[in-house]
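Here is a short walk through one protein model. Start with a pair of packed helices, then move on to the nonpolar interior.

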Amino acid sequence: MGKPYSDELDGFAHTFQWAGQQPVDQLRRFLSRWSGEHVAVVGSGGSYSAALVVALFRELAHHSPTSAVTPLEFDALLQRLSPRALLLSAEGKNRDVLAAAQAAQAADLSSAALTLTTSNPLLEFAAAHASLRAFAFQMDWGKDGYLATNSLLATSTLAYRVFFGQSDFMLQLGPLFHPERLGARRKHFNSWAGLERARQSGLLVLFSAQAKPFAMDLESKFAEAALGHVQLADLRQFAHGRHLQLASQTPMAVILATSVEEAPLAAATAQLLPSTVQQWTIELDGQREQDTAIAGLIDAMFLTDAFAKAAGIDPGQPEVPAFGRAIHAIESASLLRSSPKVQSRLELAARRKEAPQVRGERAAKPGVVAAAADYADGLTRAEIKAIVCDFDGTLCRAENRFDLMAAEHAEQVSSLLRQGMVLAIATGRGNSLYDDLRKSFDPELHGAITVGYYSGSLIARLDEGFEQPPANAAFQDLLDWLQKSVYHQHCKPLSDLARGGQLSIRLDSAHECTRLLAALQHWLERNGLRGWRAFSSGHSIDILDADTSKRKVVAHIAARCQIDPNTEILRLGDAGHEGGNDYELLSEGLSLSCERVSVDLTACWNFGASGSNQVDVTSAYLRGLSRHDGAFRLLPAALFGA
């Protein structure tokens, strides 16, 4: 079974080159939207080592709480918290990871998956359920043998590029994968004497904080291949009683693993061990913690190979017993307590309004469910003659905002336009969206599409030319204040940041965004700028003057078509929560969100399927619009499901 383990290790340099060539921009943009939120990185078997590394990378890059968990731990975590989920599965067929995807959907949580094949059960689940956003790459070395090797490095190095960029990938990781270094490192471990004696006595791996990925993967390799017993402890946890076992007549062999930075602690510990204890110290390469993590995975696999060769064992081709196969085949989801299933879309919509910390902890309040039913009833009875909607996150996925609108979504909107629907897009973007929309829709439909650019600063049909609106000069006072704050590095000339009545600032993290948003709101109030507002979306903040609002787009369409803005115009957006950049648009009238909602029970509801969000939910709403006596009706199936 499997490939010869040693042969797989020969492919590390190629795997690094492969990872450097894959398109990761969409995955980077997708994960950046989760910045500031709790994310569970889910991995099973060999992918759990990747989960540890990816979780570390996210904490280093996004400074956001991240947990590396097994699928079983993820199921238990859902009873306590409501994290986002990033699922790792090289071949996309791990039944426990598939169960985690199902658990996330049942808990109404959006999740993402990273796989190394472009055809697998996890991708099939993603295609059938909009709750899972899959990012698939195709490894070109076939699949790993019994143990995770190249797939582990591929997943980890792809994540490195996502979180730290191509430049660091080449400059920091490149030297670690140089063939000469890999060969020398492998030769070093093969030169260790007494490996078989150490394997038989068992290994005690003492690791520094930065060497944890090395230790965890080494233990995983030894356990899965039945190569030997490995016990783990960090260098200071070992000091609290765990050292007694080394005083026995047959002590375990000790491996001390450390980064360069933490080497003094490892050395101080090593010199105090009894002379009877067989010991080695491994100093992992890497200038920074993320680099040391990758170096640790490489060393763990090389060291496993050295021990296996000494024992005459090939860990890549074991004989798997029948009972092991049977245990592997257990469908755990059918045997474990699962999260309470939401009974209806009304229950889902009500729970989104309540936003409980744990999605499955209790049923929604009856009064909120009743309000959802009343609102849905009003929507299905309304005669809709126009749609005003946001674009990023509503008509396209946020991570695809720099691409053309997906053909299937553009065609869905085009079909409504050809039936007589009036469409307006209310967006914070400008000429870049103008160009993309003109490419996405047939020229014959351009005159039927109105766009409110820069949050309504400029309103024009798509068949009209685009003229950049001049910035409101009053924004200069705000920039002068910002220049004297801790966020002065984000100051640019007014002409670069402001368009019309909108000034936009992009920050590096969700934490910065939250803090600056509060400061801006205080500044606006302190300076008596009535009617000025500040909203956030992802890592961006938009400040609007008193004359600028997405509601102006609604008013423009209502006046042009002579229709009621509150009863005949359907409003769609993704950030309808208080402080979100669609809050004003969705705070009144016939308003539906495809993601976040406000606390108001009279507006801004989300009736999407469990775990679904963004354009997938919008598409379901649009599919439910049916032409009826000169207007459109929203069919109940669009809100309640088929």
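Helix 19 and helix 21 are oblique to each other, because they pack at about 130° and oblique covers whatever is not under 35 degrees (roughly parallel), over 145 (roughly antiparallel) or 65 to 115 (roughly perpendicular). Their axes lie 12 Å apart. Axes are lines fitted to C-alpha atoms over the stretch in contact, with angles from 0 to 180 degrees between N-to-C directions. Helix 19 spans residues 475-483 and helix 21 residues 510-526. Helices are DSSP runs (H or I, at least four residues), numbered from the N terminus.

Helix 19 supplies Asp477, Leu478, Trp481 and Leu482 to the contact (heavy atoms within 4.5 Å). Helix 21 supplies Leu516, Ala519, Leu520, Trp523, Leu524 and Arg526.

The model is predicted: local features need pLDDT of at least 70, side-chain atom pairs count only at pLDDT 80 or more, and totals for chains, interfaces and linings use all residues. Residues are numbered from 1 along each chain as its sequence is written, and side-chain values use heavy atoms, without hydrogens and water.

Now turn to the interior. The largest nonpolar core has 82 residues. Such a core joins buried Ala, Val, Leu, Ile, Met, Phe, Trp, Tyr and Cys through side-chain atoms within 4.5 Å. Phe57 and Phe214 have the most contacts inside it. Helix 13 gives this core its largest share, twelve residues.

Aspartate 299 sits in helix 13 (residues 289-311). Aspartate 299 counts as buried because its relative accessibility is 0%, and buried means under 20% relative accessible area (1.4 Å probe, protein chains only). Beyond neighbours within four places in sequence, aspartate 299 contacts Arg181, Arg185, Phe189, Phe214, Ile282 and Leu284.

Key:
Helix = DSSP H or I, 4+ residues; strand = E, 2+ residues; numbered from the N terminus. Buried < 20%, exposed > 50% of the residue type's maximum accessible area, 1.4 Å probe, protein only.
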